[in-house]
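Subject: Structure handover

Hello,

Here is the structure you asked to take over. My notes on it follow below.

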There are 2 protein chains.
Amino acid sequence: MFEPTIKDIAKICGVGVSTVSRAINDHPDINSETKEKIMSAIREYGYVPNDSARNLKRVDAKAIAVLVKGIANPFFTGMITVIEQECKKRHYSMELSHIEADEDEVDVAQKVVKEKRLRGIIFLGGLFSHSEEKLKKLTVPFVFSTAGSIPENISRKLYSSISVDDRRESARMVEYLIRSGHTRIAILVAEAQEESVGRLRLDGYCDALKAHGIAVDPKLICQTRDDRGHFSMENGYLSTQKLLGRGEAFTALYAVSDTLAIGAMRALYETGLRVPQDVSLAGYDGIDMTDYIVPSLTTIRQPVEEMAKDTTRLLFDIIAKRTKHQHITYEAKLLVRESTIKIPE
Amino acid sequence: MFEPTIKDIAKICGVGVSTVSRAINDHPDINSETKEKIMSAIREYGYVPNDSARNLKRVDAKAIAVLVKGIANPFFTGMITVIEQECKKRHYSMELSHIEADEDEVDVAQKVVKEKRLRGIIFLGGLFSHSEEKLKKLTVPFVFSTAGSIPENISRKLYSSISVDDRRESARMVEYLIRSGHTRIAILVAEAQEESVGRLRLDGYCDALKAHGIAVDPKLICQTRDDRGHFSMENGYLSTQKLLGRGEAFTALYAVSDTLAIGAMRALYETGLRVPQDVSLAGYDGIDMTDYIVPSLTTIRQPVEEMAKDTTRLLFDIIAKRTKHQHITYEAKLLVRESTIKIPE
DNA sequence: TTGTCCATTGGAAACGTTACCGAAGTTTTG
DNA sequence: CAAAACTTCGGTAACGTTTCCAATGGACAA
């Protein structure tokens, strides 16, 4: 099978390689007739430029990477879909890479960047607990999307971030539950390492309780130290079983992710507890399925589409030096649905 | 920021570039002392080989591509996660690309292969209705995973395939429903183009009914021509509403994917129909969540892990010419759960 | 006419790596 | 002890692009 190169095309058209290159890349200094001739030869022979050669010659590849921790999470696949479309629009390719639970995101990023000479990085999920020094080593701009809080001692000028105010939104959910008459509110946190979203949402939970004069009861806080699949449904199921095993009474259960909540649903059901009659159940994220299951899940909906678009736009703006690093916070939406009810007086 | 190249490392160690190359690539013709010296310099200076240069020099990149139609489908993300791990094990990188609904998978593949000089392609989902001629143009081995039926007139030697026998498994589900006393069984098919999995599963449905002497009633078959998001929950919801609107009575509803079934669940609920008391509901795929929602969903579980592993293994075997193209069919598992019941006599 | 400028082009040097070839030194063989 | 074989290495030519620089020819101004 004959795979033409730029040289072949040049020979076929009786022009120099640089002219062909100009044609491909829409350079201005080229006669439109020549260009048309070249383009038609390219079509005819099915020539496709070799990406490796291009990227080698260019100082940097026309590509960015998306690093995700937990690709199975529907919340992230939603984001990824949008980000990919946005990249395509800009004729950039998107390298999608999965970070294992035990890998350090910045280390992985550094390796990928050097290997592929990428222009930028988007971190999805994951944790942000890196030293400023390490971050500085990352030579390309990067945007943290929905990645928990970032330690105060790290300069905000080093990175961008896109997220909702997890602590605040979480508090809003709990406040809603309190207003609905709940006082014994249990919480399911998959992990609550310092700086993680789990931690932020847990903090928000505590904030709300305190604001309403309700003591935070550690017996109602269920967190697993399991490092794998933090937000898996299985984890939600197992954690809830553990919580129920404590024999502590509660009228509402707030899971810090929808997937956890779905797992919890089953555990509650198996124990004979009905949602919402016996226990109000709430989640966080607002993934599609929460709207379809029965009962539909009360949750905090993050503006996925908007966040994903802005994440991409911001990254490209920074790459093009049109802007400096930014930190954008979005308004999430409290969706009250069937899984939670008011406690009757 | 200084980014060392192989030349820099060579200079630092006082050796030739080829020696450094030998060290990096575990070539045999190198003194272990020299190698150790080089490797430590590499670590010290944080040298990472440039992938583009490597791929340019090598005839083909150490990479494969996974082309997915519908990345939001949890069934596929499950497959992808496993495939990625398998690639990592073999020190190959995996290019993940999403095929838009209106794109031709083989065209996309061809472009990607030429651009990136990949060694192989995995198609996930999508449709297989391509001419043999077109397929032949694809110069690298490719494996179709869970991609419907393939027209008889295409030589089996041109590609590999990995799937369950969709028609057979689908029939098994419907047979189970019939044995449970259901005779009015409606079916939800997102799309049923020739050769699609939807079509196969619909065929299986018809097979089972006929085998039991039940007439296939077109009024119980609900298919959408909507080309976007075939298997989305929303589609399941809307289709079911449409089906219910017909006023046709049925005791069981079989959706050809779990996501469709979840959508159906809501539509049934809104109409006041209880699952499973009023309508038995069944899905297909066996994604995680079917086990956690209430009621848990009766479904056909495809052996995702095994299929994904075999898909990758097979592709690499073909690339290495250890084997020819193969066609593997897996046994799926009928999981009877809470969403379906026997019709009382 | 002569010189300047513009539009368009071709040549060639890089980009960072791998792989071939041959050289040098060392060990084994006859 | 010479020849042969084996180890270990360095030099260098590619791989397919892009980009700089110089060259050509024609148009236009002086």
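A polar contact here is a pair of N or O atoms within 3.5 Å; within protein, one must be able to donate a hydrogen and the other to accept it, and residues adjacent in sequence count only if both atoms are side-chain atoms. The model is predicted, so local features need pLDDT of at least 70 and side-chain atom pairs count only at pLDDT 80 or more, while totals for chains, interfaces and linings use all residues. Residues are numbered from 1 along each chain as its sequence is written, chains are lettered from A and ligands numbered from 1 in the order in which they are written, and side-chain values use heavy atoms, with hydrogens and water left out.

DNA strand D

Two polar contacts go to phosphate oxygens of DNA strand D: one from a polar side-chain atom of A:Asn25, at 3.1 Å, and one from a polar backbone atom of B:Asn31, at 2.8 Å. B:Lys57 instead places a polar side-chain atom 3.2 Å from a base nitrogen of the strand. Helices H2 (17-24) and H4 (51-57), in chain A and in chain B, are the elements that give two or more residues to the surface near DNA strand D (helices are DSSP runs of H or I, at least four residues; strands are runs of E, at least two; both are numbered from the N terminus). H2(B) has the largest share, 4 residues.

Around the strand there are 25 residues, and A:Ile6, B:Gly16, B:Thr19, B:Asn31 and B:Thr34 come nearest. Of the atoms of DNA strand D that come within 4 Å of the protein, 57% belong to sugar and phosphate. A residue is near the strand if one of its heavy atoms lies within 4 Å of it.

The two chains

A turn of 180° and a shift of 0.1 Å along the axis lay chain A on chain B with an RMSD of 0.1 Å (least squares on the C-alpha atoms of residues with pLDDT of at least 70 in both). The copies are therefore related as by a two-fold rotation axis. In chain A, A:Ser52 has the C-alpha nearest the axis, 2.2 Å from it.

Helix H11 of chain B

In H11(B), residues 258-270, 11 of the 13 residues are buried (under 20% relative accessible area, 1.4 Å probe, protein chains only), so the helix is largely enclosed by the rest of the structure. B:Asp258 and B:Arg266 are among the buried residues. After the helix comes B:Gly272, with a positive phi near 85°.

Regards

How values were computed: Buried < 20%, exposed > 50% of the residue type's maximum accessible area, 1.4 Å probe, protein only.
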